[in-house]
Amino acid sequence: MRNISDLLKIDYPVIQGGMAWVSNANLAAAVSMAGGLGVIAAGNAPAEWVKEQIHLVRERTDKPFGLNVMLLSPYVEEVAKIVVDEKVPVVITGAGNPAEYMKMWKDAGCIVGPVVPSRALAVMMERMGADFLVAEGGESGGHIGELTTMVLVPNVVRAVSIPVVAAGGIFDADTVAAAFCLGAVGVQVGTRFILAEECTAHDEYKRRVMKAKDIDSKVTGRVTGHPVRVLRSPLARELARVEYEENAAERLEKMGEGSLQKAVLHGDKDGGSFMAGQCACMLDKVQTAKDIIHELFDDERLKSVCQNVCSRLKVTL
Ligand code: TUI
């Protein structure tokens, strides 16, 4: 399986998660400059905003970067075209099947890495010409699939021969090592980058991520077919209450509209949806993107993790 750092032309095999409103040019440029793959999240934003963010990243760095195309966006058609017009180096897709755009992006010379929540979609994406896959387990924040990282990653790794990047629950050197044990050749890290100094998310959002306990992580909206992992909040409680009432799907969609933006841009405690992965409960400090990446790939830590595992398993290398 090909090395993901060579494929993406990055120094460390880490992709920054495409978190709607959080992953803007500021964060993406910082991560790319630190040697990872910085990613702009298109989310539900209009195409003009996306174009502007691409230009901002290019003003700050010549390093490669990615664009996360959220396939449920009302602007997805225009955003998909911007990928081509702007010759975005790496496209990552989320929240759906990108089949109809694959040829257009490949013809434009982009490296394409769909997020897959299942083996079936992984196999289909490989056949359609995907360059790599992001196998994202349900520990992740935001919109999630059914499977955990522990089951999804090895299942996808066994099914395809293109590189597989693991996502969901990865936040330090130990979890990076675990992802590699499962057969991944790289990691996607989202929640920990919310706590990057260069991340412009509201302080209240960062504070909530740092304060979160394990049981503060909830999944809402299962009945809509688009379950979303968020931190406990008044809105999350209200969404959970409505979930099994009449017309729940419609009502939930309406209640959730704009709530992520409210949380990220305004730190709205009551109306905001604070999306974050389960690992928020293990995060407690704000650091530069560079320091985060260095901790994830700390040589000494990785060596000691591997040595400990071998010694506990009574394996001599
Ligand atoms: O997309 C994400 N995470 C997101 S998107 C988002 S914005 C949003 N807000 C409310 C409702 C929905 C979205 C917030 N967080 N992660 C990648 C991801 N992709 N997770 C799950 C999937 C996925 C699901 C189904 C990918 C493909 C898929 O295919 C279904 C099919 O049609 O085969």
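Cysteine 306 is partly exposed, with a relative accessible area of 42%, in what is a predicted model. Cysteine 110, by contrast, is buried, its relative accessible area being 1%. This briefing takes the cysteines, then the buried side of helix 14, and then the packing of helix 6 with helix 7.

**Cysteines**

- The number of disulfides in the structure is 0, and cysteine 306 accordingly takes part in no disulfide.
- The cysteine sulfur nearest to cysteine 306 belongs to cysteine 181 and lies 6.6 Å away, whereas a pair of sulfur atoms has to be within 2.5 Å to count as a disulfide.

**Helix 14**

- Helix 14, which spans residues 289-296, has as its buried residues Ala289, Ile292, Ile293 and Leu296.
- These residues lie on the same side of helix 14 because the arc they cover around the axis is only 95 degrees.
- The elements that cover the buried residues of helix 14 include two strands, strand 1 (14-16) and strand 9 (186-189), together with helix 2 (25-33), helix 8 (173-181), helix 9 (191-194) and helix 15 (299-312).

**Helix 6 against helix 7**

- Helix 6 (residues 119-127) packs with helix 7 (residues 149-159) at an angle of about 35 degrees, and their axes are 9 Å apart; the crossing of these helices is right-handed.
- On the helix 6 side the contact is made by Arg119, Ala122, Val123 and Glu126, and on the helix 7 side by Asn155, Val156, Arg158 and Ala159.
- Sorted by class, the residues in the contact of helix 6 with helix 7 are 4 nonpolar, 1 polar and 3 charged.

Notes:
Residues numbered from 1 in each chain as written. Predicted model: local features only at pLDDT ≥ 70, side-chain atom pairs only at ≥ 80, totals over all residues. Heavy atoms only, no water. Buried < 20%, exposed > 50% of the residue type's maximum accessible area, 1.4 Å probe, protein only. Helix = DSSP H or I, 4+ residues; strand = E, 2+ residues; numbered from the N terminus. Arc of directions from axis to C-beta. Contact = heavy atoms within 4.5 Å. Axes fitted to C-alpha atoms, helices over the stretch in contact; angles between N-to-C directions. Left-handed = near helix turned anticlockwise from the far one by under 90°. Nonpolar A, V, L, I, M, F, W, Y, C, P; charged D, E, K, R; others polar.
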